[in-house]
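Before turning to individual contacts, it helps to settle how the main pieces of a fold are arranged against one another. Please look over the sequence and the structure, and then follow the text from the sheet outwards.

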Amino acid sequence: MSKITFVPAGGLANRMGTMASAVMLAEKCTGGGETCNLDVIWFSTWGLKAPFRSLFEPIERSNFRLRDASFLDTLLYDRPRPKNFRLTRPYQKLAFKSCLYEHLITSLCRRNFDFAQWVRASRRVYLASYSPFLPYENSLMQRLFVPVREIKDEVDARQERFASRMIGVHVRRTDNIEAIRRSPIELFFNKLDAEIDNDKDVGIWLATDSEDVKRGMRQRYGERLLTSAREADRNTVGGVQDGLADMLTLSRTSKIYGSFYSTFAVVASQMGGIPLETLTNNEGD
């Protein structure tokens, strides 16, 4: 029997994508008489101050366990990083045969690292990641991440206000320098103006972490634009819940225009099984 202790890191969309990869990894390591248990520990940290249970229904899968981190988990299983003086690393080196931390994942993927073979060889491993490392189907995301009733009801209420055809837009700003540089607001204006020229009745759902973007979009598109009335705040439970509602509302539109280097729109498109077009000026190419 193998066991993966897995810590999803990063923002909400990052965690959802990398958790789906972890589930796929455990499945790859199960079969032929072998069993692989997946133990997920969800930390409420800066940028995502919300326990899993406040966002999603429990995940019911064989050989799977997820828990919101306790104080003891913070002392033993949190990712070693400057904030905790890397004090968790000595324990993890003793408790696990092998550990892989998030800063290595991207480079390992580029080298076609065999994560399943790593688990089989080590048996007892620790893995922390903020990015997907194995491919997965959209249907897996939809099965894993079922929102709690409060959030589903909010998304349903928003959808009731939709026009007959809705375009989703995700404009990432704040701390994402690449999204700001590579996906200027003019690119979104151009796309949305063209959509309106083709369909005068089209509606727009906007998800963004910028109040300036909301004001500019409202001024340009008026009543055809819908967006959350709440200011983005990922350091309160209510703020993270609203962010998830934004993502799921995006997933119910007909297509999404998204920002460069942001997983939020990617996961929304996967949850809804709808097309995503990332808008970029290609300055970095």
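The paragraphs below go through a sheet, the helices around it and an aromatic pair.

The model shown here is a predicted one, and a convenient place to begin is its open sheet, in which five strands follow the order S8-S7-S6-S9-S10 with parallel pairing. Strand S8 (225–227) and strand S10 (276–279) stand at the edges, and because each has a single partner strand, one side of each is left without a neighbour in the sheet. From one strand to the next the twist averages 25°. At the S8 end, strand S7 (residues 203–208) runs parallel to S8 and is joined to S8 by three bridges, and within this pairing Trp205 stands opposite Leu226 of S8.

Helix H12 (residues 263–272) packs on this sheet, where H12 touches strand S6 (166–171), S7, strand S9 (255–259) and S10, and the direction of H12 makes about 160° with that of S9.

H12 also has a helical partner, for H11 and H12 pack at an angle of about 55°, with their axes 7 Å apart. Because angles from 35 to 65 degrees fall outside the parallel and perpendicular ranges, H11 is oblique to H12, and H11 passes H12 in a right-handed crossing. On the H11 side the contact is made by Gly243, Asp246, Met247, Leu248, Leu250 and Ser251, and on the H12 side by Phe264, Val267, Ala268, Met271 and Gly272. By class, these residues divide into seven nonpolar, three polar and one charged.

H11 meets a further helix as well: helix H7 (residues 149–159) and helix H11 (residues 237–251) pack at an angle of about 45°, with their axes 9 Å apart, which means that H7 is oblique to H11. The crossing of H7 and H11 is right-handed. In this contact Glu150, Ile151, Glu154, Val155 and Arg158 of H7 meet a set of H11 residues that includes Gln241, Asp242, Leu244 and Ala245, together with Asp246, Leu248 and Thr249. The contact of H7 with H11 has five nonpolar, two polar and five charged residues. Asp246 and Leu248 of H11 thus appear in the contact with H7 and in the contact with H12.

Aromatic side chains offer another view of the model, since the structure holds 12 aromatic pairs. One of them is formed by Phe96 and Tyr126, a tilted pair with 5.6 Å centre to centre and 55° between the planes. This pair links distant parts of the chain, as Phe96 lies in the loop between helix H3 (89–95) and strand S4 (98–100), whereas Tyr126 belongs to strand S5 (residues 124–129), 30 residues apart.

Technical notes:
Residues are numbered from 1 along each chain as its sequence is written. This is a predicted model: local features need pLDDT of at least 70, side-chain atom pairs count only at pLDDT 80 or more; totals for chains, interfaces and linings use all residues. Side-chain values use heavy atoms; hydrogens and water are left out. Axes are lines fitted to C-alpha atoms, for helices over the stretch in contact, and angles run from 0 to 180 degrees between N-to-C directions. Helices (H or I, at least four residues) and strands (E, at least two) are DSSP runs, numbered from the N terminus. Angles under 35 degrees count as roughly parallel, over 145 as roughly antiparallel, 65 to 115 as roughly perpendicular and the rest as oblique. A crossing is left-handed if the near helix is turned anticlockwise from the far one by less than a right angle, and right-handed if clockwise. Contact means heavy atoms within 4.5 Å. Ala, Val, Leu, Ile, Met, Phe, Trp, Tyr, Cys and Pro count as nonpolar, Asp, Glu, Lys and Arg as charged, and the others, Gly among them, as polar. Two strands pair if DSSP finds at least two bridges between them. Rings of Phe, Tyr and Trp (its six-membered ring) pair if their centres lie within 6.5 Å; planes under 30 degrees apart count as stacked, over 60 as edge-to-face and the rest as tilted.
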